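Student: Please take me through the terms applied to this structure. I should like each one justified by its value.

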Amino acid sequence: MTAEANGVLQGQTTVVTGGNRGIGKGIARAFAMAGADVLVTARDADLLAATVTELEAYGGAVLGVPADVRVESDVDRVFAEAASRFERLDVLVNNAGLSLPAPLHEHALDTWETVIGTNLTGAFLCTRAAMRLMRPQGRGRIINIASISAQRVRPESAAYSASKFGLWGLTQVTSLEGRDHGISACCINPGNTRVERREEIETEENREPMMGVESVAEVAVTMAALPPHVQLLEATVLPLQQPFIGRG
């Protein structure tokens, strides 16, 4: 994140799901650097505590709430904490997600349900909770982290691709239902991003061009910093050399 961005989100309050690693942590860091107060949530309480300590160095209010976005009561607790601590909610970033690749004919139902539950149902639960806070205040922005897999699919990605296509649909419905209440919804489709999971599975044979999480985070800050009456509905960000256009 560039130093020039500092302060552009001063006074805004944000919730970032899946905020203890990867893209989510990068966005939470960028928001904190830009002056926002940030609530980060994730399942791993220890990693979350370390992330909170790191983000507090930027000077804003930071709150970590361990939660599983697939669990309705956990989500309700996260947003109750946000309302109690910050008294309002300006931005929600639905980032929590995972991928469990498997050939379609061998795809276990519990694997499907885990991926769909985290990537799509979790985003729905968080969006619903955020809308309940944002509607009375007459403004808010919801940023969904989808994937280029919502545009170009790859083999063995049935659950992941379906969840990301669904997230794009949820984005559009949220935008439609939110606009009369000053609420916008946006979708970021990242390409290959160097996160912990990619580094664990990457080999010399399957290596592709990568970008840092900072590139995605910069787009999220740009979306969040737009005037309330403007939205950037969709953005695709990827390494210049990544196979995407024309891939199949």
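Tutor: The following turns discuss a predicted model, taking a helix pair and then its salt bridges.

Student: Why are helix 1 and helix 7 called oblique to each other?

Tutor: The axes of helix 1 (residues 22–33) and helix 7 (residues 213–225) cross at roughly 50°. Angles under 35 degrees count as roughly parallel and 65 to 115 as roughly perpendicular, so this pair is oblique. The crossing is right-handed.

Student: What makes the contact of helix 1 with helix 7 nonpolar, polar or charged by class?

Tutor: Ten of its residues are nonpolar, two are polar and none is charged. Gly counts as polar, and helix 1 contributes Gly22 and Gly26. Among the nonpolar residues are Ile23 and Phe31 of helix 1 and Val216 and Ala220 of helix 7.

Student: How do you know that Lys25 and Glu54 form a salt bridge?

Tutor: Their N to O distance is 3.1 Å, and the cut-off is 4 Å, so the pair qualifies. Lys25 lies in helix 1 and Glu54 in helix 2 (residues 45–56), 29 residues apart. Lys25, Arg29 and Glu54 are linked in a network of salt bridges.

Student: Why is Asp74 called buried, and what is Arg77 called?

Tutor: Asp74 has a relative accessible area of 17%; buried means under 20%, so Asp74 is buried. Arg77, at 34%, falls between 20% and 50% and is therefore partly exposed. These two residues form a salt bridge, with the closest N and O atoms 3.4 Å apart, and both lie in helix 3 (residues 72–86).

Technical notes:
Residues numbered from 1 in each chain as written. Predicted model: local features only at pLDDT ≥ 70, side-chain atom pairs only at ≥ 80, totals over all residues. Heavy atoms only, no water. Axes fitted to C-alpha atoms, helices over the stretch in contact; angles between N-to-C directions. Helix = DSSP H or I, 4+ residues; strand = E, 2+ residues; numbered from the N terminus. Parallel < 35°, antiparallel > 145°, perpendicular 65-115°, else oblique. Left-handed = near helix turned anticlockwise from the far one by under 90°. Contact = heavy atoms within 4.5 Å. Salt bridge = Lys/Arg side-chain N within 4 Å of Asp/Glu carboxyl O. Buried < 20%, exposed > 50% of the residue type's maximum accessible area, 1.4 Å probe, protein only.
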